[in-house]
Amino acid sequence: MKASDHLFRELGAQGIEWVFGMLGREAGAVRPARGSCPRFVVMRDERNAGFAADAYGRLTGTPGVCMATLGPGLTNLLTGVASAWSDRSPLLAIVSQAELSAPASNAHQRVPNLRVAAPLTKGAFEAKTGREIRSLIAYALDEATRPPAGPVLVSIPIDLFSAEAPTHDAGIQRVTKADWIPQALQDAREAIMASSIPVIVTGADGLREGGAPAMQRLARNAGIGLASTYSGKGAFDERDPCFLATVNEYLEDLFRVSFSEAFQEVDLVLAVGVAPSDGVDFRRCFPRAARVIHFPPIEANNRTRGDLERALALLLNAVPENRERLRRIHALSRKIGSLIEPLRTPGQNRESLDPRSLLAGLESLPDGSVIVSDVGLYKQYLGLLLQTRAKLRFLSSNGLGAMGWGLGAAIGAACACPGERIVLVTGDGGMQIAAADLETVARLDLDIGIIVLTNQAYELIRYYHVRGWPGEAAPHIEFGAVDFAMLAEANGLVGSRPGADGRAVSGIQSFLARRGPRLLEVPVSYSPFFQRREHVRALAAASSP
């Protein structure tokens, strides 16, 4: 049996249902099986293939698999790999390399796959013989899901795909993982017992490793506030009276609201599965917190599956009920809610829509829906203001912040959650970057609703410009208009625009209720945001005790 056959058989045996990618000259040796698992999805851009695998891995816990040819295929794919690395998504990248018979250097399209990929992966490996391919794939899939999850790359020289390979091999031995739980459990229990206002902040690992139910029960029993990073958004029902806010570096700068003043009562932060790439400055958000405890500890990189969920269950049983502290947490939640609610109110503009007008429609999506946000100023609106719940998921590119991430991620989400509503919110900048795979959405007949917010500018970059050069124009962030509704139609989707004035919001609601591959082009204005920043800061100051 050819090594390439072993490759796809091993993927299928490991439960992989989809492979996102583009083949190159290895297509002469690699032939994905038609009509069987895994199904090979032909993508139009390797970056989108990586983004699709990133989102698929986040939603399922099974590695998203992407495949690319050598040279430019690898370098394009690496943006998706880097996104998975930053956001701790399980991902397997399979890339080709020049033939073993090719010169060691200067071969056509050869780049040093392992050296290029190593800093962005948990491990990068290259097959030396055809018989190694199956064991490398099995090892890589296992390693990608071991906490903390992340991407693994396997490089295969093109001539090895055609090599004969045995049905079985010896496999790869794994080092035993260390146990971090006893000491971390003791430290967390003692700190919570001594705390007046403790807060749990969860990140990607806390969400994806199954610990959210235990965290919510712990909050309600022991009187602990709940918060999340963008990566952890969806772990908790944000209507829970223990929930405080989604925290991020933009929280205060963007809206000019001093949440740190409201958080001054917090004296302990238990950071559950929060990575440095989550972009949370705990000392700034919680200025009087005497301790920030990472659970598990940051240095606990050699963990086993299920250990975080098990540790949180033990912590739940180890910390006694505290009704008085719960009362204080509920009061703090109401205080913070009074600061956030005015920020959710859309501004008025007859020519275009305030992006906050999307919030109500997105929050009313049924359970099981997935909201995907590309990268732009609207992502900060959604990340900070959208109220999610455990069965309404929110995905965005957080650690890497890759503009154009959204369309590929929405394709991955649709494959991960068949039958569920997938809604992508993107801007005219991000959509134009990724637009090649609009055709993929139509070809696969994916139930993705794409909302393109257009204003002919990189608005998040304008935000940075205004901070550094207040009052100055910024022509270097502006660009021409694109007819995205027509572009959607050209690629096989249903393209449309909402009505003007008051009909725009109802048009969005109607769009969200429909099914199938579709795109809605919505002109937006961020001017109310820039105009109200000082007003909102004054409002927050008046609300402070």
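This passage describes a parallel sheet with two helices that contact it, and then the surroundings of one glutamate, in a predicted model.

The sheet is open and consists of five strands, arranged in the order β9-β8-β7-β10-β11, with parallel pairing. Its edges are formed by β9, residues 243-246, and β11, residues 291-295, each of which pairs on one side only. On average, and with direction ignored, neighbouring strands of the sheet are turned by 20° against each other. Within this arrangement, strand β7 (residues 198-202) and strand β8 (residues 225-228) run parallel and are joined by four bridges. In this pair, I200 is placed opposite L226 of β8.

Two helices are associated with these strands. Helix α12, which comprises residues 307-318, lies across β10 (268-272) and β11. The angle at which α12 runs to β11 is about 130°. Helix α13, spanning residues 323-340, packs on the sheet and touches β7, β8 and β9. The direction of α13 makes about 40° with that of β9.

A further site was examined at E521, which is located in strand β17 (residues 518-523). Residue E521 is classed as buried because its relative accessibility is 9%, where buried means under 20%. The side chain of E521 reaches the backbone nitrogen of A485 at a distance of 3.1 Å. When neighbours within four places in sequence are left aside, E521 is in contact with V482, D483, F484 and A485, with S496, R497 and P498, and with V452 and T454. A485 thus appears both in this set of contacts and as the residue whose backbone nitrogen is reached by the E521 side chain.

Conventions. Residues are numbered from 1 along each chain as its sequence is written. This is a predicted model: local features need pLDDT of at least 70, side-chain atom pairs count only at pLDDT 80 or more; totals for chains, interfaces and linings use all residues. Side-chain values use heavy atoms; hydrogens and water are left out. Two strands pair if DSSP finds at least two bridges between them. Axes are lines fitted to C-alpha atoms, for helices over the stretch in contact, and angles run from 0 to 180 degrees between N-to-C directions. Contact means heavy atoms within 4.5 Å. Buried means under 20% relative accessible area, exposed over 50%, partly exposed in between (1.4 Å probe, protein chains only). A polar contact is a pair of N or O atoms within 3.5 Å; within protein, one must be able to donate a hydrogen and the other to accept it, and residues adjacent in sequence count only if both atoms are side-chain atoms.
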